[in-house]
Amino acid sequence: MIDAAAMLAEPFGLLPDLIRRHATTQPEKLAIADEDSRVSYAELDRAMDRVAAALQRDGTAQRQAVAMVSYPSVRQAIVFLGALRAGSIAAPIQPSATPEQIAGMVADSGANLVFLDAANAEALKDQSLAARVVPLEALDDWLAPEGATPAPVEIAPDDGFNIIYSSGTTGLPKGIVQSHAMRWQHFSRNAAAGFGSAVTLLSTPLYSNTTLVSFLPTLAWGGSVVLMKKFEARRFLELAEEYRATHTMLVPVQYQRIMALADFDRFDLSAFRFKTCTSAPFKAELKRDVIARWPGKLVEYYGMTEGGASFALVADEFPDKLHTVGRLLPGHEAKLLDDEGNEVPPGGIGEIVGRSPAMMNGYHRREQATRDAEWFDGNGDRWLRHGDVGRFDEDGFLTLMDRKKDMIISGGFNIYPSDLEAVLATHRAVADCTVVGVPSEEWGETPVGFYVPRADATDSAEDIRQWANARLGKTQRLSALFGARELPRSAIGKVLKRELRDRLAAGEFA
């Protein structure tokens, strides 16, 4: 009998086959739980068969998308995984998008079925969707009968595994098509993470690659996943204690809220072995606090949903590199390019391009957008543009400067918002902050800051601006600073800078 570890050592395989293997070797082990229900591996395997058979019954073709608009749940996970067994493509869609954007993503995916949980069914009740709606709460009524099995399908490495729609505040997000081969790379390279004995607690949504890079490997290796419908810092710690969680993936703002709890230290987190973070800038001082007070390794990952190059920083092993996002993973390559597409000299700043065995097929139905994301070297090898600007140090650790599109060009000088944010964040009155570029008749662009004051803050915005400008270079100085109750963020913690620009232009911060 071939065990799962031996299968994962192969160049290519399929997640549904691994789950079937676990259902045979550890049928009663917890596979997935949420706060209302749970399934063992044997139950998950049977449910996946019933989903796959029902999809085939209802005319969902192999390589056709299956759309889901749902908060994280066991039912959503069963549909996601069952779609893979049918040879279909899982297309989880973010509920936080506007109803019009959701309808556009469902239509773009080409799905003939869309699965909605109750909250999203209510939100979309007036929206016409280009697919038949199946309520997740009525999933049992839709499923094929107990004992049903789907017709077998042949799945090739380049077949689509999932479509992930990139976040966006305007327009229709792009659908990133990841293949079964790309996902297999994610599974097989995670042997050292110990997912086979993991209890992975997740509080970010299943439409995000941030979640899937922990959710899917845990199931591939035979661990257990616990899903939170919505993140709440104290509830996260309660569940971690209850389930004896060993692994988690959190975004920086979640770490920030957890570590800020006055009673954090009373929770028993001793079972934790592996904590990870990605998706947004992770401040060095916050990493240091997590290392000091939360058991287990802390690993920050940097990369793209599209693929390209991935970096990892094992924070507790490199305390002097906490300002970086780490070094390249094995088998990954990266270059830094100037505006003319030439590689910058050592120590220089440039746009990051990367390549690896784990790269997207392309953007769904967006050939030009796919071409725009690609860069080809002199040998004709395909690289992907990360859209970020960075610099390597002498040890090969990467420091991120900013998103290329967020770089401010003021009076001909390049200004990196992250440099200004780092200064603002050290002021005693600032709990959170960000900097954006806005149009300026005099300079072309000028930096403007936004901050969330601490509860006991007495300093005015103008006091803080003058304090920061005294510590910034002449070309970096903030032209304005505005206070806000909170900064707008995506579901995975990224500050929505475009929304702040729009609100400023509309006079909200005047």
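**One cavity and a helix pair**

The count here comes to one cavity of 30 Å³ or more. Keep in mind that this is a predicted model. The briefing below takes a look at that cavity, and then turns to the packing of helix H2 against helix H4.

**The cavity**

- The volume of the largest cavity is about 40 Å³.
- Its lining is made up of Phe195, Thr200, Ser214, His247, Thr248, Met249, Phe274 and Thr276.
- Two strands, S11 (247–250) and S12 (274–277), each contribute at least two residues to this lining.
- Strand S11 is the top contributor to the lining, giving three residues.
- By character, the lining residues split into three nonpolar and five polar, with no charged residue among them.

**Helix H2 against helix H4**

- Helix H2 spans residues 15–25 and helix H4 spans residues 74–85; the two pack with their axes 8 Å apart, at an angle of about 110°.
- Angles of 65 to 115 degrees count as roughly perpendicular, so H2 is roughly perpendicular to H4.
- On the H2 side, the contact is made by Leu15, Pro16, Ile19 and Arg20.
- On the H4 side, Leu81, Leu84 and Arg85 take part.
- The residues of this contact comprise five nonpolar and two charged, with no polar ones.

**Worth a look in the viewer**

- For the cavity, strand S11 is a handy place to begin, as S11 gives the most to the lining.
- For the helix pair, Arg20 of H2 and Arg85 of H4 are both among the contact residues.

Key: Residues are numbered from 1 along each chain as its sequence is written. This is a predicted model: local features need pLDDT of at least 70, side-chain atom pairs count only at pLDDT 80 or more; totals for chains, interfaces and linings use all residues. Side-chain values use heavy atoms; hydrogens and water are left out. On a 1 Å grid over the protein atoms alone, a cavity is a set of points where a 1.4 Å probe fits but cannot get out, and a pocket is an open set with protein on both sides within 12 Å along at least five of seven lines; lining residues have an atom within 4 Å of a point. Grid points are joined across faces, edges and corners, and a volume is the space filled by probe spheres set on the points. Helices (H or I, at least four residues) and strands (E, at least two) are DSSP runs, numbered from the N terminus. Ala, Val, Leu, Ile, Met, Phe, Trp, Tyr, Cys and Pro count as nonpolar, Asp, Glu, Lys and Arg as charged, and the others, Gly among them, as polar. Axes are lines fitted to C-alpha atoms, for helices over the stretch in contact, and angles run from 0 to 180 degrees between N-to-C directions. Angles under 35 degrees count as roughly parallel, over 145 as roughly antiparallel, 65 to 115 as roughly perpendicular and the rest as oblique. Contact means heavy atoms within 4.5 Å.
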